[in-house]
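Q: Could you take me through how to read pockets, cavities and sheets in a model such as this one?

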Amino acid sequence: MSRILSLILLLVISGFSQAQIESPPTTALEPLIQQLQTTKLRQMEPLVKQIAGVKNPKTRTILQVMLEGDLYYVKANKQLVQAQKSENKLYTLTPIMSDETLAAVKKSKISKVKTNNRLRSTIRSLIAKINLTDDDKAIRLQAVQQLLNSPTKESTATISELIDNEQDKEVRELMSVTMALQQLKDGEHSEKLAALAQLSDSLEPTVKNATSELLSNLPKTDLSTEQQTLKTELLNTLDAIESQASFYGFIENVFFGLSLGSVLLLAAIGLAITFGVMGVINMAHGEMIMLGAYTTYVIQIAFPSIIEYSLLIAIPAAFLVSGLVGILIERGVIRFLKGRPLETLLATFGISLILQQLVRTVFSPLNRQVISPEWMSGSWQINPIFSLTYNRLYIILFSIMVFVSLLLILKKTSLGLHVRAVSQNRDMARALSVKSDWVDAITFGLGSGIAGIAGVVLSQLTNVGPNLGQAYIIDSFLVVVFGGVGNLWGTLVAAMSLGLTNKFLEPVTGSVLANIIVLVGLVLFIQKRPKGLFPQKGRSAD
C-alpha cells in the first residue's frame with residue numbers, strides 16, 4: 001500500500017514539475033517597456049528594437065502609440081499609459097498592457113516618453129516588419145500596399161529579407177513591385193531597365209505615376225544614349241499599362257451594361273408576357289415595380305434585426321403583393337376593356353396615378369432608403385484597377401435565374417401551355433376548353449409579380465420613392481417592342497443590347513444624349529422590322 005501511495009505521489013510531483021516546465025514563461029515585454037521611462041533618448045533605439053523583437057499581440061500597439069506621441073507614464077506609480085487629451089484640459093488614460101480606462105488627470109500628473117524624427121523612422125520600419133510577418137494575409141497585404149505608396153531604402157531592405165519566406169502569391173508579387181519601384185527610383189541605368197521590364201505588367205496606380213514622373217524628369221532635348229534608351233523603355237512600359245487599362249475598362253463597361261440590362265430584363269419581362277398574351281398596354285406596370293420596392297422597405301422596417309435575410313424574405317413577398325394587385329387590376333378593370341387598347345392604356349394610366357398617390361399618402365412623398373445586407377456590400381477586387389461590385393453581380397445572376405425559371409414555367413407546365421395557346425390563337429384555345437379569362441388573370445398576376453421582384457432589385461441600386469416605376473416604364477416598353485412582343489428570348493437579347501449600348505455611349509456622349517441616340521436607333525429599327533427581333537408566331541400575330 002505504501003508503495004502505491006509513493007508511486008502516486010511521485011507521478012503527481014513529476015506531473016507538477018512537467019507542468020511547470022511546459023507552462024508559458026512570463027512575458028519579456030513588460031520589463032522592456034518599463035525601461036522606456038528611464039532610458040535616455042540617444043539610447044532608445046536599441047531598446048525599441050528589443051521591444052519589437054518580442055512576439056506579443058501588444059507589441060504593435062505599443063510601438064504605434066509611441067509613434068503617434070501618445071505614450072506617457074504616470075509619475076506617481078510609473079505605470080505606462082496611452083494618454084489622449086479630452087475636455088477641460090484633462091487627459092484620458094488607458095494602461096498600455098490592458099484596455100481598461102483610468103480616471104482623467106491633468107498633464108502635470110503624467111510624463112511623455114520622448115521620441116525624435118530618427119526614432120520615429122525606426123519605429124515605422126519596425127511596425128512595417130511586424131505587419132509583414134503577421135499571420136493574417138490581409139494585414140501583410142495592407143502593410144506592403146503602404147510601403148508601395150512610399151517606398152524607401154529601409155522598407156525595401158526589410159521586404160528583401162522577407163520575400164523569400166512569403167508563401168502567399170499575391171503578397172509576394174506586391175513585394176516584388178515595391179522592390180522594383182525603389183530600384184527604378186534609385187538604381188543604376190541597367191537596374192532601372194530591369195525594373196521597367198518587371199513593372200510593365202503591373203496595374204498598380206503607383207507604378208504608372210512613378211513611371212510618368214520619371215519620364216517627365218528626363219531632359220526634353222539633348223538626351224544621352226542612356227537617357228534615350230530609358231525614355232524608350234518608359235514609353236513602352238506606359239503603353240503596356242495603358243493597353244491593359246483599356247482592356248479592363250472595356251470589361252468594366254460590359255459588366256455595367258449587363259447589370260443595367262439585367263434590371264431592364266426584370267422590369268420588362270413581365271410586361272412582355274402580359275402584352276404578348278393579352279395585348280394590353282399596361283401603363284401601371286411601373287407601379288408594380290414601385291410596390292415591390294416598398295415591400296422590401298416595409299420588411300426591413302418590420303424586422304430590423306434580420307437585415308441580412310430581409311431580401312430573401314422580400315423577394316417572395318414582393319412577388320405576392322404585386323401579383324395580387326395585378327390580378328385585382330385585371331379582374332376589376334382590364335377584363336371589361338378587352339379589344340379596346342386605347343381605353344386600356346388610359347385606364348391603366350389612371351390606375352398608376354392612383355397607386356402613386358396612395359403610396360404618397362401612406363409613406364409620404366419623400367424617398368426611402370433600403371439598407372443593403374452585408375453580403376451584397378463591397379466589391380470583388382480582381383486587380384488594382386478592376387473590381388466587380390457584389391450587388392450588381394448578384395443582380396445579374398438573379399435576373400438570369402428569374403428568366404430561366406419563367407422559361408421553364410412557360411415551356412414545361414400546363415399553365416405555360418395554356419398561356420402560349422391563348423397568346424397564339426385565343427379563339428382556338430377557347431374551343432379546346434382553355435379558360436382564357438383565368439389565363440389572362442394569372443398571366444397578368446405573374447407579370448406584375450415579376451415586376452415586384454424587379455422593385456426588390458432596384459431598391460439595392462437607388463432610393464425607393466413614389467416615382468420609382470416611372471423611370472423604367474418607357475425603357476420596359478422599348479425592350480418589349482425591340483425584342484418582339486411576347487417573346488422571352490427577344491426580351492433577353494433586347495434588354496442586354498440596350499444596357500450595353502447605353503453604357504458604351506454614356507462615356508462619349510453623356511447619359512441624356514445616349515438615351516436619345518438609342519431611342520432614335522430603335523425608331524429606325526422598328527421601321528424596318530415592325531415586329532421586333534423575334535416576331536411572335538401564330539395566327540393572332542398575323
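A: Let us begin with a caution that applies throughout, namely that this is a predicted model. The lining of the largest pocket divides into seven nonpolar, six polar and four charged residues.

Q: How much space lies in the largest pocket, and which residues are closest to its centre?

A: A pocket is read from its volume and then from its lining. Here the largest pocket holds about 570 Å³ of space, and among the 17 residues that line this pocket, those closest to the centre are Glu170, Glu173, Leu174, Glu204 and Pro384.

Q: Which elements each supply at least two residues of that lining, and which of them gives the largest share?

A: After the residues, one turns to the elements that carry them. At least two lining residues each come from helix 6 (137-149), helix 8 (169-186), helix 11 (225-278) and strand 6 (379-383), and the largest share, four residues, belongs to helix 8.

Q: How many cavities of 30 Å³ or more does a search of the whole structure find?

A: A cavity, unlike a pocket, is a space from which the probe cannot get out. In this model the search finds one of 30 Å³ or more, and the largest cavity has a volume of about 40 Å³.

Q: Which residues line the largest cavity, and how do they divide into nonpolar, polar and charged?

A: The lining of the largest cavity consists of Ile273, Ile409, Leu410, Leu415, Val419, Ile442, Thr443 and Leu446, and it divides into seven nonpolar residues, one polar and no charged. Two or more of these lining residues come from each of helix 15 (390-412), helix 16 (414-424) and helix 18 (436-458), with helix 18 giving the most, three residues.

Q: Turning to the open sheet of five strands, what is the strand order, and which strands stand at the edges?

A: A sheet is read by following its strands from one neighbour to the next. The order in this open sheet is 4-3-2-1-5, with antiparallel pairing; strand 4 (102-106) and strand 5 (110-112) are at the edges and have a single partner strand each, so one side of each is left without a neighbour in the sheet. Direction ignored, neighbouring strands of this sheet are turned by 45° against each other on average.

Q: Over how many bridges do strand 2 and strand 3 pair, and which residue is the bridge partner of Gln82?

A: Strand 2 (residues 80-85) pairs with strand 3 (residues 90-95) over five bridges in the antiparallel sense, and Gln82 has Thr94 of strand 3 as its bridge partner.

Terms used: Residues numbered from 1 in each chain as written. Predicted model: local features only at pLDDT ≥ 70, side-chain atom pairs only at ≥ 80, totals over all residues. Heavy atoms only, no water. 1 Å grid on protein atoms, 1.4 Å probe; cavity = no way out; pocket = protein on both sides within 12 Å on 5 of 7 lines; lining within 4 Å. Points joined across faces, edges and corners; volume = space filled by probe spheres on them. Nonpolar A, V, L, I, M, F, W, Y, C, P; charged D, E, K, R; others polar. Pairing = 2+ DSSP bridges. Axes fitted to C-alpha atoms, helices over the stretch in contact; angles between N-to-C directions.
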